[in-house]
Amino acid sequence: MPKSDTKNSNNMNKENKTTPTKKIEELQTHKERKTVLMQGNEAVAYGALDAGCNFFAGYPITPSTEIAEILAAELPKRGGVFVQMEDELGSICAVIGASLAGAKALTATSGPGFSLMQEGIGFARSTETPCVVVDVQRVGPSTGMPTSCAQGDIQQSRWGTHGDSPAIVLYPDSVKESYELTIRAINLSEKYRTCVILLLDEVLGHMREAVRLPDMANVRVISRIKPTVPPQWYKHYENTEKYPSPMYSFGEGYRFHVTGLTHDVLGFPTNKPNEAAEMMSKLKKKITYNIRDLVQIESFQMEDAKIAVFAAGITARSAKAAVTLARKEGIPAGLLRPLTIWPFPDDAVRKMLRNVDTVIVPELNQGQLIREIERLVKDRSDSKLIKIQRVDSKLIPPQDILQKIKEGI
Amino acid sequence: MKYPYEIRLSGSGGQGLILAGIVLARAAVLENHYVTQTQSYGPESRGGYSYADVIISDEEIYFPEAVSFDCLLALNQESCDKYLFDLRENGILIVDTSFVENIAAVVENTYEVPFTEIAIEKLGSPIPTNIMALGFLVKVTGIVKTASLQKSIEESVKPAFVDLNINAMKLGMELAKNYGK
């Protein structure tokens, strides 16, 4: 981590201690929220602000630009910092540096930038530094089609960075939920001290809907907690198995070492197999021991469903419309939608597979969600899987899914 | 009004269709409807294709894009050709005859208005054509109230351009009276 970054963010953090008057101002601006027309990207920006995000470093890219645009205007007003970086490599590093200095840091990008951020994302996971990366997906590979929709980063968000590290990835399907899951992403990053990824679809990022945001008093915000030990006893990577696990920031009088190398509890590089195993198991357990807290799913008309659609993000909107149409014709169809796609909701999918005969998996890629369903369907070989895959930049219309529902019944 | 009501505003990039979509959607929000507004456009800021979809409903809208339109506004020939056949039966077609010369199918409720020419003549610029056409559309379809549309324009455009756009809206509504059916 470049020294200058940490220094800057450190200064920022000191200035950023909210004075009472500032707080009042902030609350006033949030008072009596009305139903307004809001874009997905706007909802992400407001969610970030409501969750206490006070640092953004990024490089604007369609279709995520509005997030940077709004935060560039809003963060300085609230004592936060906005930095337009030279590229996405710098962006993710600045975000990690700011977080180590105590900021709630977020960045937003799209496919090409997300690829560049992968190394930094691994660094954040290894060093257990809370931060959030928003990836508003567009058509790829490479620069692809900037203004068109695809769901090509589903597996990348899980496996994009090298090394074996678990991921938390959230995936909203509406403008309102973009707001809610941004807050949740920041909360989870603080709670589990990791890099949380929020995936959006281009259509959702640009789509406007009537939304009423909750009043500030009803927004639940989680922030990292401070350990109670004296400085000489502080271990930055101590395995407490409690979440949020306490952590100090740079500049608070507690010393710790941060490295991308495999490290011991104090943060110093280690080659000892037992310490390496300990670190890796800590990273994994954070996720696997807290599956219930992390996984969120929506069941739509699933109670008596015999045919289920499994879809995420904007495709779930098509699926919901299709399920509603099928129900009108008396077909027992339902929708299972993961709001958390990583860790993958294995248990919910297994339960679904036990109860239905056919599963339809529509997605805007050439088979990414379906891999997970195929992995789980092995337990029940008589379940029929139907794929709908589209990569021509257009959404899957409800009628296409309805047709497959009818074929599958 | 039959809900969900699906509208596509189409033309080329730079004609202000997305702004028109936002203005219409915001007007519907002011009337407490469920609304989604989506758009599709090329990477160019001028030229290329561009359209904005607005769906207005009295219940939750799942699929956010317009599939079969209750109303189609086409401000150029290409978009008229491309989307005409997705117009619902009894749907309303509004075309800008400044750019649309042929309509590929006979549609019962067709309004042919030289919006851009009128904008240049009456408002001195082609720029407010989008809001003028929107005023026309709102008057013809009755999808939102005039007052809501006016308030939405005031909230959506820069203060310096509010008067120009309100005038454009009123002009569009006046025109609709002449085309009354």
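This report describes the fold of chain B, the sheet that chains A and B share, and the contacts between chains and between domains in a predicted model.

**Chain B as a whole**

Chain B contains six helices and six strands. Read from the N terminus, its elements follow the order β-α-β-β-β-α-β-β-α-α-α-α. The radius of gyration of chain B is 15 Å, and the globule rule gives 16 Å for 181 residues; the two values are close, so chain B is as compact as a globular protein of that length. The C-alpha trace of chain B spans about 40 × 40 × 35 Å along its principal axes. Buried residues make up 52% of the 181 residues of chain B. Of the contacts in chain B between residues at least 6 apart in sequence, 58% join residues at least 24 apart.

**The shared sheet**

Strands from chain A and chain B form an open sheet of eight strands with mixed pairing. The strand order is β1(A)-β8(A)-β2(B)-β3(B)-β1(B)-β4(B)-β5(B)-β6(B). At the edges stand β1 (35-39) of chain A and β6 (109-113) of chain B; each has a single partner strand, so one side of each is left without a neighbour in the sheet. On average, neighbouring strands of this sheet are turned by 20° against each other, direction ignored.

Strands of a sheet pair through backbone hydrogen bonds, in either a parallel or an antiparallel arrangement. Within chain A, β1(A) and strand β8 (residues 208-212) run antiparallel and are joined by five bridges. One bridge here pairs A:V36 with A:V211 of β8(A). The pairing between β8(A) and β2(B) is also antiparallel, over two bridges. In that pairing, A:R208 has B:Q37 of β2(B) as its bridge partner.

At the chain B end of the strand order, helix α4 (residues 129-141) of chain B lies across β4 (69-74), β5 (87-96) and β6 of chain B. The helix α4 runs at about 145° to β5(B).

**Contact between chains A and B**

Which residues does the contact take from each chain, by number? There are 18 residues from chain B and 19 residues from chain A. On the side of chain B that touches chain A, α1 (17-30) and β2 (34-41) of chain B each supply at least two residues. The largest share of that side, seven residues, comes from β2(B), the strand that pairs with β8(A).

**Contact between the domains of chain A**

The domain assignment of chain A gives domain 1 (3-218) and domain 2 (298-408). Their C-alpha centres lie 29 Å apart. The contact takes 24 residues from domain 1 of chain A and 21 residues from domain 2 of chain A. On the side of domain 1 that touches domain 2, the elements giving two or more residues are α7 (156-159), β6 (168-170), β7 (195-201) and α9 (202-206) of chain A. Of these, β6(A) gives the largest share, three residues.

The residue classes on one side of each contact are set out below.

| Side of contact | Nonpolar | Polar | Charged |
|---|---|---|---|
| Chain B, touching chain A | 11 residues | five residues | two residues |
| Domain 1 of chain A, touching domain 2 of chain A | 16 residues | five residues | three residues |

Terms used
Residues are numbered from 1 along each chain as its sequence is written. Chains are lettered from A and ligands numbered from 1 in the order in which they are written. This is a predicted model: local features need pLDDT of at least 70, side-chain atom pairs count only at pLDDT 80 or more; totals for chains, interfaces and linings use all residues. Helices (H or I, at least four residues) and strands (E, at least two) are DSSP runs, numbered from the N terminus. The radius of gyration is taken over C-alpha atoms; the globule rule is 2.2 Å times the number of residues to the power 0.38. A residue is buried if 20 or more other C-beta atoms lie within 10 Å of its own, exposed if 12 or fewer, and partly exposed in between; C-beta atoms are placed from the backbone. Two residues are in contact if their C-beta atoms, placed from the backbone, lie within 7 Å. Two strands pair if DSSP finds at least two bridges between them. Axes are lines fitted to C-alpha atoms, for helices over the stretch in contact, and angles run from 0 to 180 degrees between N-to-C directions. Ala, Val, Leu, Ile, Met, Phe, Trp, Tyr, Cys and Pro count as nonpolar, Asp, Glu, Lys and Arg as charged, and the others, Gly among them, as polar. Domain bounds come from an automatic or database domain assignment.
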